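Hi,

Here is the structure I promised to pass on. Have a look at it first, and my notes follow below.

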Amino acid sequence: MHAVASLLVALVGLIHVYILVLEMFWWTAPKGRKAFGLTPEFAEASKVLAANQGLYNGFLAAGLFWGLLRADVPTQGFFLGCVFVAGLYGAATASRKILFIQSLPAALAGLALALA
């Protein structure tokens with residue numbers, strides 16, 4: 001079960017690296033606009049805010065990978081909790097799909113971590 005938990009934690013980290021790329025580098029590109037349903041005008045006007053948001057997603061990924069490298073279960077649990085709460089907030093304020101993209105994977109990884 002430990003390998004499954006580590007794999008799920010790594011998957012959540014990789015999801016957040018991808019979100020970082022979308023928000024920091026592809027926000028105004030067709031792929032970024034499509035992912036977030038943005039008009040070119042809104043994407044251009046909000047790209048600095050999106051880059052900041054992407055950086056925070058990168059910090060979440062870094063914390064998860066740091067916890068994995070150190071085999072530090074409490075650190076992994078802490079960052080999974082942060083991802084879970086961020087997903088809940090995003091689902092409540094921006095898009096319900098964030099619940100399934102962030103919160104659900106974090107909850108599954110957290111459950112696997114608790115059972116390992």
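Let me start with a small thing: Ala71 is exposed, at a relative accessible area of 57%. Keep in mind that this is a predicted model. Ala71 sits in the loop that links helix H4 (47-69) to helix H5 (73-93). What caught my eye there is the backbone: Ala71 isn't a glycine, yet its phi is positive, at about 55 degrees.

Now for the packing around helix H1, which covers residues 2-24. I looked at how H1 sits against H4 and against H5.

Take H4 to begin with. The axes of H1 and H4 are 8 Å apart and the angle between them is about 160 degrees. An angle over 145 counts as roughly antiparallel, so that is how H1 and H4 run relative to each other. The crossing of H1 past H4 is left-handed. Sorted by class, the residues in this contact come out as 16 nonpolar, 7 polar and 1 charged. On the H1 side they include Ser6, Val9, Val12, Gly13, His16, Leu20 and Glu23, while those on the H4 side include Ala50, Gly54, Asn57, Leu60, Leu64 and Leu68.

H5 meets H1 in another way. Here the axes come within 11 Å and cross at roughly 45 degrees, which makes H1 and H5 oblique to each other. This crossing is left-handed too, with H1 passing H5. The H1 residues involved are Val9, Val12 and His16, and they meet Gln76, Leu80 and Val83 of H5. That contact splits into 4 nonpolar and 2 polar residues, with no charged ones.

Then there is the core. The largest nonpolar core has 12 residues: Ala5, Val9, Val12, Leu60, Leu64, Phe79, Leu80, Val83, Ala106, Ala109, Ala112 and Leu113. At least two of them come from each of H1, H4, H5 and helix H6 (97-115), and H6 is the top contributor with 4 residues.

If you want one residue to zoom in on, try Val12. Leaving out residues up to four places away in sequence, Val12 touches Leu64, Leu80, Val83, Pro105, Ala106 and Ala109. Val12 also turns up in the contacts of H1 with H4 and with H5, and belongs to the largest nonpolar core.

Happy to talk it through once you've had a look.

Cheers

Note on methods. Residues are numbered from 1 along each chain as its sequence is written. This is a predicted model: local features need pLDDT of at least 70, side-chain atom pairs count only at pLDDT 80 or more; totals for chains, interfaces and linings use all residues. Side-chain values use heavy atoms; hydrogens and water are left out. Helices (H or I, at least four residues) and strands (E, at least two) are DSSP runs, numbered from the N terminus. Buried means under 20% relative accessible area, exposed over 50%, partly exposed in between (1.4 Å probe, protein chains only). Axes are lines fitted to C-alpha atoms, for helices over the stretch in contact, and angles run from 0 to 180 degrees between N-to-C directions. Angles under 35 degrees count as roughly parallel, over 145 as roughly antiparallel, 65 to 115 as roughly perpendicular and the rest as oblique. A crossing is left-handed if the near helix is turned anticlockwise from the far one by less than a right angle, and right-handed if clockwise. Contact means heavy atoms within 4.5 Å. Ala, Val, Leu, Ile, Met, Phe, Trp, Tyr, Cys and Pro count as nonpolar, Asp, Glu, Lys and Arg as charged, and the others, Gly among them, as polar. A nonpolar core is a set of buried Ala, Val, Leu, Ile, Met, Phe, Trp, Tyr and Cys residues joined through side-chain atoms within 4.5 Å.
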